[in-house]
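Trainee: Could you take me through one part of this model in detail? I'd like to see how a pair of helices packs.

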Amino acid sequence: MNAVITSSIINCNSLSPSSWISGENWPSKLLLGEISAAFSRRRTKVSCGKSSPDDYHSTLKSLNSRGRFPRKSLGQHYMLNSDINDQLASAADVKEGDFVLEIGPGTGSLTNVLINLGATVLAIEKDPHMVDLVSERFAGSDKFKVLQEDFVKFHIRSHMLSILESRRLSHPDSSLAKVVSNLPFNISTDVVKLLLPMGDIFSKVVLLLQDEAALRLVEPALRTSEYRPINILINFYSEPEYNFRVPRENFFPQPKVDAAVVTFKLKHPRDYPDVSSTKNFFSLVNSAFNGKRKMLRKSLQHISSSPEIEKALGVAGLPVTSRPEELTLDDFVKLHNVIASE
């Protein structure tokens, strides 16, 4: 039978060394002893003298209330440390009157923090069971709405534009919205690509991502295999910042990797790099990286002849032997504008 998870199963007096249930073998059913063992190896500090409305006790009870277990297909890892939710909200500087988009609210632990800070929250959740759970939890709040949607397929731009337009009618001084989310790791890159070009809608995007992915997105070095077109995109549309690492022990089930909080301060469209065509600019960047080890005079031959690319590189102040991983965002902007003007 399904385990009944209560705070009496997992408490400060019963924590002893045992094995953690990993994200690789997620259970469909758990016995009481297995639940207790699963949470006994949390290496993060547990505060026994201070209760929290959304610590690991309440997260587990919320899941158990509907007989739910994390689904690997949806990349579900639930936050067990309420302090991390507070820090996520702090990184986004969430305050009274803000409008916040949250992707994948789960049991609503982060949602609760955002609402308590005075924000209005629109949550997008793919799992219908979690939609029902948070709908019930925040049924008495006029600052919460949840939509059952697959975010990467949802028309978020048109939906947000409609919301912001309505808010400005009643609140003329309302600012741009923010995004604060503990993302399923398996959609993080897609979400970044979707959200960052929306500097006319969002001012900040604060995400909890897989740590290795966060480092690749925010701190790649030139002339390395980690330097890719998405790094050009991120710096074109935002100012990224790696905030802090979140050890894997803070999640249920425990993933194989640590996480990290990253802040993307979005640029307004008027502050984007000056290119004649954004679409053509990113087409050039993607073409350049398709032949990553090739010199640009070879990989961009479908745009112009090799001698013309060499000439453009020279005019842009770049070596004619340049390869894509050697160019910064500014270098690509200069090269694109030279080619576009010819």
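Mentor: Sure, let's look at helix α10 (residues 278-290) and helix α13 (residues 329-341), whose axes come within 10 Å and cross at roughly 110°. Here, axes are lines fitted to C-alpha atoms, for helices over the stretch in contact, and angles run from 0 to 180 degrees between N-to-C directions. Helices are DSSP runs (H or I, at least four residues), numbered from the N terminus. So α10 and α13 are roughly perpendicular to each other (that label covers angles of 65 to 115 degrees). Their crossing is right-handed, a word used if the near helix is turned clockwise from the far one by less than a right angle.

Now, who touches whom? On the α10 side you'll find Asn280, Phe281, Leu284, Val285, Ala288 and Phe289, and they meet Leu329, Phe332, Val333, His336 and Ile339 of α13; contact means heavy atoms within 4.5 Å. Sorted by class, that contact has 9 nonpolar, 2 polar and no charged residues. Nonpolar means Ala, Val, Leu, Ile, Met, Phe, Trp, Tyr, Cys and Pro, charged means Asp, Glu, Lys and Arg, and the others, Gly among them, are polar.

Keep in mind that this is a predicted model, where local features need pLDDT of at least 70 and side-chain atom pairs count only at pLDDT 80 or more, while totals for chains, interfaces and linings use all residues. Residues are numbered from 1 along each chain as its sequence is written, and side-chain values use heavy atoms, with hydrogens and water left out.

For another pair, try helix α7 (residues 188-195) and helix α9 (residues 229-237), which pack at an angle of about 40° with axes 10 Å apart.

Definitions and conventions
Helix = DSSP H or I, 4+ residues; strand = E, 2+ residues; numbered from the N terminus. Parallel < 35°, antiparallel > 145°, perpendicular 65-115°, else oblique.
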